[in-house]
Amino acid sequence: MKREILRFEDVGLIYHTTRGETLAAKHLSFSVREGEFVAIIGPSGCGKTTLLSLAAGLLTPSEGKVENAGVSFGYMLQKDELFPWRTVEKNLFLPLEIRKIDTEEERGRVRALAKKYGLAEFLQNYPSQLSGGMRQRAALIRTLATNPDVLLLDEPFSALDYQTRLNVCRDVAEIIRREGKTALLITHDISEAISLADRILVLSARPARLVASHEMDFGEEKDPLRRRELKGFSGWFELLWKELNG
């Protein structure tokens, strides 16, 4: 069994505003293992994105604790957020500049990632010249630029049309697994969670509690499109739908 690198232990979170207090999470406990791809689903407004902020240490829990094994985090947002006035290459180098590690050696490593995943010929293009799928691939490589241990994915495919979304899901999943990264994905899409994840966490309505944790039983099949064709897929969808709407 791989080592545990992230743990939520009886976590609660209260937001304080001028209008009072909002209880966002209560008695929330789960862990993530190294190399695992975990999807988190739950009703709209239940605080799924808040979990990513807690995991990365951007928020401090009001009770309980969040522990990690000294790992580093990379964050991939709903939109690619590529700067339109910078070339693709300069967008990929941005994390290096922010971290003040913008050396030729680090740039070479990022260029190698771009070449490995089909972006080499687009490095001198601007984001507006790329398709939506290519922009998301660039956003992922930018996230990988500082070589984080854990990728936090906040509905990264939601802005794409359905066909593009399926293909980009497949691309992103392949890149994450080939690079040996741990991933924590927030999604509203049950089918997306089933097709991508090793394990799915189901949250309740706010305040978020853990309703269920399911290990996906697709054996060695990791391809998201092929998973959708397996006979067990619809059974998982029915179960998760009931847990979300029960």
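Select Asp198 in this predicted model; the residue sits in the loop between α6 (190–196) and β8 (199–203). Asp198 has a relative accessible area of 13%, and because values under 20% count as buried, it is classed as buried. Now display its contacts, leaving out residues up to four places away in sequence: Gly35, Glu36, Phe37, Arg177, His214, Glu215, Met216, Lys222 and Arg227.

Keep Asp198 selected and show the second largest pocket. Asp198 is among the lining residues nearest the centre of this pocket, together with Arg33, Glu36, Glu215 and Lys222. The lining comprises 13 residues, and by class these are 2 nonpolar, 2 polar and 9 charged. The space in this second largest pocket amounts to about 220 Å³.

From the contacts of Asp198, proceed to Phe37. Phe37 belongs to the largest nonpolar core, a set of 49 residues, and is one of the five that touch the most other members; the others are Leu92, Leu153, Ile194 and Ile200. Select Ile194 next. Beyond four places in sequence, Ile194 touches Ile200, Met216, Phe218, Arg227, Phe233, Trp236, Phe237 and Leu240. A second core, separate from this one, has 26 residues, including Ile5, Val11, Val150 and Leu203. In soluble globular proteins, nonpolar side chains tend to be buried together.

Turn to helix α4, residues 132–144. At 1.5 Å a residue, its 13 residues should span 18 Å, and the end C-alpha atoms lie 19 Å apart, in agreement with that expectation. How many of the residues of α4 are buried? The count is 11 of the 13, so the helix is largely enclosed by the rest of the structure. Colour the buried positions: Gly133, Met134, Gln136, Arg137, Ala138, Ala139, Leu140, Ile141, Arg142, Thr143 and Leu144. To see what they pack against, show β5 (73–76), α2 (88–98), α3 (104–116), β6 (150–154) and α5 (162–178).

Two of these buried α4 residues, Arg142 and Thr143, lead to the largest pocket. Arg142 and Thr143 lie nearest its centre along with Tyr75, Pro95 and Ile98, among 17 lining residues. β5, α2 and α4 each contribute at least two residues to the lining. Its composition is 9 nonpolar, 3 polar and 5 charged residues, and the pocket holds about 460 Å³ of space.

Next, follow the loop between β5 and α2 to Arg86. Is Arg86 buried or exposed? With a relative accessible area of 15%, Arg86 is buried. Setting aside neighbours within four places in sequence, its contacts are Asn91, Leu94, Glu97, Tyr126 and Pro127. For a long-range view, draw the distance from Arg86 to Ser29: the two residues are 57 apart along the chain, and their C-alpha atoms are separated by 41 Å.

Finish at α5, one of the elements against which the buried residues of α4 pack. The 17 residues of α5 should span 24 Å at 1.5 Å a residue, and its end C-alpha atoms are 24 Å apart, which agrees. Select its buried residues, namely Arg165, Leu166, Val168, Cys169, Val172, Ala173, Ile175 and Ile176. Among the elements covering them are β3 (37–41), α4, β6, β7 (182–186), α6 and α7 (224–227). Of these, α6 bounds the loop that holds Asp198, which returns the view to the starting point.

Definitions and conventions:
Residues numbered from 1 in each chain as written. Predicted model: local features only at pLDDT ≥ 70, side-chain atom pairs only at ≥ 80, totals over all residues. Heavy atoms only, no water. Helix = DSSP H or I, 4+ residues; strand = E, 2+ residues; numbered from the N terminus. Buried < 20%, exposed > 50% of the residue type's maximum accessible area, 1.4 Å probe, protein only. Contact = heavy atoms within 4.5 Å. Core = buried A, V, L, I, M, F, W, Y, C linked by side-chain atoms within 4.5 Å. Expected span 1.5 Å × (residues − 1). 1 Å grid on protein atoms, 1.4 Å probe; cavity = no way out; pocket = protein on both sides within 12 Å on 5 of 7 lines; lining within 4 Å. Points joined across faces, edges and corners; volume = space filled by probe spheres on them. Nonpolar A, V, L, I, M, F, W, Y, C, P; charged D, E, K, R; others polar.
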